[in-house]
Amino acid sequence: MTTQGRAVPQKAARPSFGKRYWPLLLLAAPLLWLGVLYLGSLLGLLGYSFYGVDDFTGQVVPQFTLSTFRQLVSTPSNIDVIARTTLMAAAVTLACAVIAFPLALYVARLTDPRKKALWVLLITLPLWASYLVRVYAWRLILAQEGVISWAAAKLHLTGVLDGLLSLPVIGGTSLANSYFGMFLVFVYVWLPYMILPIQAALERVPTSVTQASADLGARPAQTFWRITLPLALPGVAAGSIFTFSLTLGDYIIPGVVGAPGYFIGQMVYTQQGAAGNLPLAAAFSIVPIVIVGLYLAFVRRLGAFDAL
Amino acid sequence: MNAQPSTSLKLSAWLGAAFLHIPLLLIVLYAFTTEDRTYTFPPPGLTLKWFGVAFARTDMWEALWLSVRVALGATALALVLGGLAAAGMARSQFRGKSAVNLLLVLPIALPGIVTGLALLVSLRRAGLDAGTLTIIIGHATFCIVTVYNNVVARLRRLSPSQLEASADLGARPLQTFRYVLLPHLATALLAGGLLAFALSFDEVIVTTFTAGSQQTLPIWLYGELFKPRQRPVTNVVALLVMVVTLLPILLAQRLTQGTDAMNGAGKSS
């Protein structure tokens, strides 16, 4: 922004467009929509989280109080929900990074532009096929009579599958009712968001750097671990912002697959709807923003913002 | 990056691609299964009869019609607001420009539950009853950025000298807009509009907050997921939704091919 800011002479060169108020005039409508309607709504929501609910009538009391936040952090089940969601988001992010990296590396190393374009389409296409339908697809896959059980039986791995399901915490009566199943769905749904920034970061690694590494006698594995990976790390960090925050805010996937434990998104939805406690719903919706904010501060150090 | 990809790298890339696409292929397969109670794999047989059953459901058509109306309304609003924002931002410098940038991205950067709940609270305060209009308002909010991204990228590549030439040759500003600027932006606007349409057509999370008792097609589908008796219909509609969301995207991809990369990240949550 600052470097462009010096390009003032451009303005003088375009008298018809040069009027100072011109951009602001154009921006008036979008700014009214996003700045007043949307930002105003967000601030209103924030305000709601500082309201309380009358214990007897269940009505919202529009007076400043910290009692809603106190209730949020002092109820052990609420803390469980936050911890469960954050752990899931971390696990999903880690798995996405591990699966995405080789794919991104492969695509980044393709030299044929047509082949590369095809692979990029292959990666982005699932992103565009309806989100809800992709989640639904996993109900078919994870069902007891579904593809995974069938494949496990064919490969004589049913024992392994049963062993996995009998594990505490991540197991369950079937894959569709386990946290492991839910984890698979999250990884599947957000994976492209991890692949694309890593690929972009890898494309930016100059060939000369890896060549120099090889010329200086590094084995391919050494070049990878000491040159390519560190240089691609900002891409991983950028991708992790997506996978992490998307998992934190999601409430469809935990409703469709997985164990009965609540996630943050579901708490927000239930509190505003069935429970009718709008202030608590508002307070809960602030939680993912705060966690993502902390996470952003952390990944900023890895240079994620340069790779976005 | 001139090293030939090793076999293991190639293999893991293909495995990753298979992981991404097999679930989509299964959606196609299950729309034709003869099994109507369970998700048995492999399907015991294939049939077309569920398409007829699904198409006979009037509530499905109502939901589809609402989704189309909402997507058209949200796209129209997004085209106007996103186009104006792009025109205002493309070549101008002013204090607070980065703040405006942030504001444009915010609706897709924040979790859908936050946007949905925030809009619900203010629409309620404003006394607006949940309905088609409130759904459109919600969708337009996060669709603006896809149009903006596409148009702003195109405007940045448009040389200002073309507009100057038009003005020098005596064209009034409106003529320059109609005969120089608009043809230049046409495909960018179309691509952005198609992306906005797909984004709106597919959205569930914000919609659940702003729809009240109305059902868009994804909301309808979401409700069906919990009705085991309706599995064959669910399978068919899932395929339908997938196709309707994918087609505009592929078209947008075509339109922007060779010019700019398709701009506008998918937003799901």
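In this predicted model, the rule finds 0 salt bridges across the interface of chain B and chain A. The rule does find 11 residue pairs in polar contact across that interface, with both residues of each pair at pLDDT 80 or more. By class, the side of chain B that touches chain A has 60 nonpolar, 23 polar and 9 charged residues. Helix α1 (residues 7–30) of chain B gives the most to this side, with 15 residues.

The size of an interface is often given as the accessible area lost when the parts come together. Between chain B and chain A, the buried area is about 8400 Å², and carbon and sulfur atoms give 76% of it. The contact takes 92 residues from chain B and 87 residues from chain A.

**Helix α5 of chain B**

Helix α5 (residues 112–125) of chain B has 14 residues, which at 1.5 Å a residue should span 20 Å; the end C-alpha atoms are 20 Å apart, so the two values agree. Because 11 of its 14 residues are buried, α5(B) is largely enclosed by the rest of the structure. Among the buried residues are B:Gly112, B:Ile113, B:Val114, B:Leu117 and B:Leu123. After α5(B) comes B:Gly127, which has a positive phi, near 80°.

**Two buried residues of chain A**

The table sets out A:Val268 and A:Thr85, with contacts that leave aside neighbours within four places in sequence.

| Residue | Helix of chain A | Relative accessibility | Contacts |
|---|---|---|---|
| A:Val268 | α13 (residues 264–272) | 0% | A:Ala281, A:Phe284, A:Ser285, B:Ile113, B:Leu117, B:Phe209 |
| A:Thr85 | α4 (residues 76–109) | 0% | A:Thr247, A:Leu248, A:Phe263, A:Ile264 |

A:Val268 counts as buried because its relative accessibility is 0%, under the 20% limit. The contacts of A:Val268 include B:Ile113 and B:Leu117 of chain B, and both of these residues are buried members of α5(B). B:Phe209 is another chain B residue in contact with A:Val268. Within chain A, A:Val268 touches A:Phe284; the C-alpha atoms of these two residues are separated by 5.9 Å, although they are 16 residues apart along the chain.

A:Thr85 lies in helix α4 of chain A and, at 0% relative accessibility, also counts as buried. The listed contacts of A:Thr85 are with the chain A residues A:Thr247, A:Leu248, A:Phe263 and A:Ile264. One of them, A:Ile264, is where helix α13 (residues 264–272) begins, the helix that holds A:Val268.

Conventions: Residues are numbered from 1 along each chain as its sequence is written. Chains are lettered from A and ligands numbered from 1 in the order in which they are written. This is a predicted model: local features need pLDDT of at least 70, side-chain atom pairs count only at pLDDT 80 or more; totals for chains, interfaces and linings use all residues. Side-chain values use heavy atoms; hydrogens and water are left out. Contact means heavy atoms within 4.5 Å. Buried area is the accessible area (1.4 Å probe) that two parts lose on being put together, summed over both. A salt bridge is a side-chain nitrogen of Lys or Arg within 4 Å of a carboxyl oxygen of Asp or Glu. A polar contact is a pair of N or O atoms within 3.5 Å; within protein, one must be able to donate a hydrogen and the other to accept it, and residues adjacent in sequence count only if both atoms are side-chain atoms. Helices (H or I, at least four residues) and strands (E, at least two) are DSSP runs, numbered from the N terminus. Ala, Val, Leu, Ile, Met, Phe, Trp, Tyr, Cys and Pro count as nonpolar, Asp, Glu, Lys and Arg as charged, and the others, Gly among them, as polar. The expected span of a helix is 1.5 Å times one less than its number of residues. Buried means under 20% relative accessible area, exposed over 50%, partly exposed in between (1.4 Å probe, protein chains only).
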